Amino acid sequence: MTRVRSTRPDSVTAMRSLIADIRRRLPLERSGEQICSDSCRGCSVKLLDYMQAELEEWEARLDAGEKPGLADLSRLARKGRKTNRTLQANRLV
């Protein structure tokens, strides 16, 4: 019986892919003046700073050889979705 190879990426590859996806979807490169508007739900600047710090922390941890678990992937994905929803409400994405 031959063994079927899994097409799922390992957790490090999955985390790097998730980080790239979050960076692509969120306007992390915009300045505070471009982000802030008269009315907003939640501080978009603070949310983006927080997400930038989270992404940088995970990149450093991955570079140091840490292997994330499924819970780590889920947590970062959830934070990215929540940030994206708030930015959508503020009409930034």
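**An all-helix predicted model**

The protein has four helices and zero strands. The model is a predicted one. Read from the N terminus on, its elements follow the order α-α-α-α. Of the 93 residues in the protein, 27% count as buried. The accessible surface comes to about 6,800 Å², and carbon and sulfur atoms account for 48% of that surface. Contacts along the chain can be sorted by sequence separation: among those between residues at least 6 apart in sequence, 78% join residues at least 24 apart.

A good place to start looking is the interior. The largest nonpolar core holds 16 residues, and the ones with the most contacts inside it are Met15, Leu18, Ile19, Ile22, Leu26, Leu55 and Leu76. Two or more residues are given to this core by each of α1 (11-25), α3 (44-63) and α4. The largest share, five residues, comes from α3. Leu18, one of the core residues with the most contacts, touches Leu73, Leu76 and Ala77 when residues up to four places away in sequence are not counted.

The packing of the helices comes next. α1 and α3 meet at an angle of about 155°, and their axes are 11 Å apart. An angle over 145 degrees counts as roughly antiparallel, and α1 and α3 are therefore roughly antiparallel to each other. Their crossing is left-handed. On the α1 side, the contact is made by Val12, Met15, Arg16, Ile19, Ile22 and Arg23. On the α3 side, the residues are Met51, Gln52, Leu55, Glu56, Trp58, Glu59, Leu62 and Asp63.

The pairing of α1 with α4 has its own geometry. These two helices pack at an angle of about 5°, with their axes 10 Å apart. Because angles under 35 degrees count as roughly parallel, α1 is roughly parallel to α4. Here α1 contributes Ser11, Ala14, Met15, Leu18, Ile19 and Ile22, while α4 contributes Asp72, Leu73, Leu76, Ala77 and Gly80. Met15, Ile19 and Ile22 of α1 are thus listed both in the contact with α3 and in the contact with α4.

Two further residues of α4 are worth a visit in the viewer. Thr83 is found in this helix, which spans residues 70-89. With a relative accessible area of 3%, Thr83 is buried, because the cut-off for that class is under 20%. Leaving aside residues up to four places away in sequence, Thr83 touches Leu26, Leu47 and Met51. Asn84 also lies in helix α4. With the same sequence neighbours left out, Asn84 touches Leu26 and Val93. Leu26 is thus touched by both Thr83 and Asn84. The C-alpha atoms of Asn84 and Ile22 are separated by 8.9 Å, although these residues are 62 residues apart along the chain.

The last residue to point out is Arg91, which lies in the segment after α4. Most residues other than glycine have a negative phi. Arg91, however, has a positive phi of about 60° although it is not a glycine. Its relative accessible area is 75%, and Arg91 is therefore exposed, the cut-off for that class being over 50%.

Conventions. Residues numbered from 1 in each chain as written. Predicted model: local features only at pLDDT ≥ 70, side-chain atom pairs only at ≥ 80, totals over all residues. Heavy atoms only, no water. Buried < 20%, exposed > 50% of the residue type's maximum accessible area, 1.4 Å probe, protein only. Contact = heavy atoms within 4.5 Å. Areas by Shrake-Rupley, 256 points an atom, 1.4 Å probe, with all protein chains shown as cover. Core = buried A, V, L, I, M, F, W, Y, C linked by side-chain atoms within 4.5 Å. Axes fitted to C-alpha atoms, helices over the stretch in contact; angles between N-to-C directions. Parallel < 35°, antiparallel > 145°, perpendicular 65-115°, else oblique. Left-handed = near helix turned anticlockwise from the far one by under 90°.
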